[in-house]
There are 2 protein chains.
Amino acid sequence: MDNRPIAVFDSGIGGLTVVKQIRRLMPNEKIIYFGDTARLPYGSKSPETIVRYALEVAAFLSGFDIKILVVACNSSSSYSIDALRAKFDFPVLGVIEPGSEAAHRATKSKRVGLIGTYATVQGKAYDRTLSGIDRDIKLYKKACPLFVPIVEEGLYNHPIARQAAEMYLTPLLTHNIDTLILGCTHYPLLKSTIREVVGKKVRLVDSAQSTARLLHEVLEQKDLLSASKKQKDIDIFVSDVQNKFHKVTRIFLGKNGVNINKADLNV
Amino acid sequence: MDNRPIAVFDSGIGGLTVVKQIRRLMPNEKIIYFGDTARLPYGSKSPETIVRYALEVAAFLSGFDIKILVVACNSSSSYSIDALRAKFDFPVLGVIEPGSEAAHRATKSKRVGLIGTYATVQGKAYDRTLSGIDRDIKLYKKACPLFVPIVEEGLYNHPIARQAAEMYLTPLLTHNIDTLILGCTHYPLLKSTIREVVGKKVRLVDSAQSTARLLHEVLEQKDLLSASKKQKDIDIFVSDVQNKFHKVTRIFLGKNGVNINKADLNV
């Protein structure tokens, strides 16, 4: 048993979709969340910069005596996991492994689609992980850079979301995929629009759910689950507090048991 | 006469629209450009963070012995000009004053629209500047957060651009504006789509042109124009180099006489 907090980190607040699933599965775990809102988005930035940001944020979070770090950002998970594991003693969990395993379970045709940011799609992390699980899986990828701003504007059911989804997903559908990985923490909020475009036969893999499940498994195996019986608050730290921040947080997480702080991290 | 370089600064590379106009007007001026691509966009961030970033970037640029600093970013111009003038000895020019003066010359009905990022629209810089010029001018404002990603994706003539333009501009048109300030350096690239939505009677004010003209005026008055007769290269520094960077730079500026460098500014 281990009552120390779980740290969750994202470029912004999209990672709160992962927090939501962790909280549902393990309400008695203390969660500390960091959103690097002063420097978001990561998905359009270079691998070198993405890794540097991850190391800086993890150094900040390590000050809270955390028991595990969840990198809830696909762009960061695509490049930073090895560097983080090399530098820190706590276990580090990304979203790519659980997302890939869920896609493997879901696909029958072994033709899988992946949508995400430029960083995630140009990186090879999903390719490597999926072919490590089953080398017959074929992966078809598409960067969807407009999806994040559309979600942050709350336009998930607007005709603009539909039009963007058609633009991005139609080329993927020509490859007859039967499974689509939503490779960005913002995308679950676009699920119904994506569903309309891809139809009922394509299975959508939301890595937030599978990441929370894998986290539970890992904590259980390592005997790191909390002994507490009480539901714990979530402490959110952000590197910048914008006007729209509280609104967007509510979209992701509701407002119960959530404390928001400006992080003392001058980035 | 003064052969030292002009520095131009933006959150990203949208400010290259200003560089383009400066180069057209003063081809023999040496220009050093800084794009804070590691931390862009600024427009969704807090005033406090926007000011801190401006001071850091200006400190970097001051190392080049510059004769003047042009803040070619509306979000940064909305908050940082006073802090920059207080801290540095060189003159500092923003885009809001020239944009406001151009709008004042353009409007007959004194009903002016402003579109820009959240930071620019929530700030009061345009309101203050315009009412300083003519207190009868009424300003109607609308944040257009999807426009920047649409431009960066090269989708300015795509149906998505048209749909976004309708969503943002229709509410402004109900106020019978006769002039619209394009309060973000990316927006001139959306001019034809914006024109389709607002019709022929609304005059569009592109602050890039008016900023270049004001810069020329200021340099002339202070006897700071270059004595050189030769066309000068533009040295571009960015805090992060992404894959799509060279493509987007070409969209803004072409590729002649442009040198791109990664800035040694660990932000």
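How many bridges join β9(B) to strand β10 (residues 258-262) of chain B, and do they run parallel or antiparallel? I looked it up: five bridges, and the two strands run parallel.

Housekeeping before I go on. I am working on a predicted model, where local features need pLDDT of at least 70, side-chain atom pairs count only at pLDDT 80 or more, and totals for chains, interfaces and linings use all residues. Residues are numbered from 1 along each chain as its sequence is written, while chains are lettered from A and ligands numbered from 1 in the order in which they are written.

**Sheet, chain B**

My element labels are DSSP runs numbered from the N terminus: helices are H or I with at least four residues, strands are E with at least two. I call two strands paired if DSSP finds at least two bridges between them.

On that basis I get an open sheet of six strands in chain B, ordered β4-β3-β1-β2-β9-β10, with parallel pairing. β4 (92-93) and β10 of chain B sit at the edges with a single partner strand each, so one side of each has no neighbour in the sheet.

I then went through β9(B), residues 234-238. Four of its five residues are buried (20 or more other C-beta atoms within 10 Å of a residue's own; exposed is 12 or fewer, partly exposed is in between, and C-beta atoms are placed from the backbone). Towards β10(B), Ile236(B) has Ile260(B) as its bridge partner. β9(B) also pairs with β2 (residues 31-35) of chain B, parallel, over five bridges, and there Phe34(B) is matched with Phe237(B).

At the β4 edge, I found two bridges between β3 (residues 68-71) of chain B and β4(B), again parallel. Leu69(B) stands opposite Val92(B) there.

**Sheet, chain A**

I checked chain A too: six strands, an open sheet, order β4-β3-β1-β2-β9-β10, parallel pairing. Its edge strands are β4 (92-93) and β10 (258-262), each paired on one side only. β1 (residues 6-10) and β2 (residues 31-35) of chain A run parallel and are joined by five bridges, with Ala7(A) partnered by Ile32(A).

**Chain A against chain B**

I count a contact when two C-beta atoms, placed from the backbone, lie within 7 Å. The contact takes 21 residues from chain A and 21 residues from chain B. On the chain A side, α8(A) gives the largest share, four residues. By class, that side has nine nonpolar, seven polar and five charged residues (nonpolar is Ala, Val, Leu, Ile, Met, Phe, Trp, Tyr, Cys and Pro; charged is Asp, Glu, Lys and Arg; the others, Gly among them, are polar).

Next, the helix pair. The axes of α8(A) and α8 (residues 159-173) of chain B come within 10 Å and cross at roughly 170 degrees. For the angle, axes are lines fitted to C-alpha atoms, for helices over the stretch in contact, and angles run from 0 to 180 degrees between N-to-C directions. The two helices are therefore roughly antiparallel (over 145 degrees; under 35 is roughly parallel, 65 to 115 roughly perpendicular, the rest oblique). Pro159(A), Ile160(A), Gln163(A) and Ala164(A) meet Pro159(B), Ile160(B), Gln163(B) and Ala164(B). I see six nonpolar, two polar and no charged residues in this helix contact.
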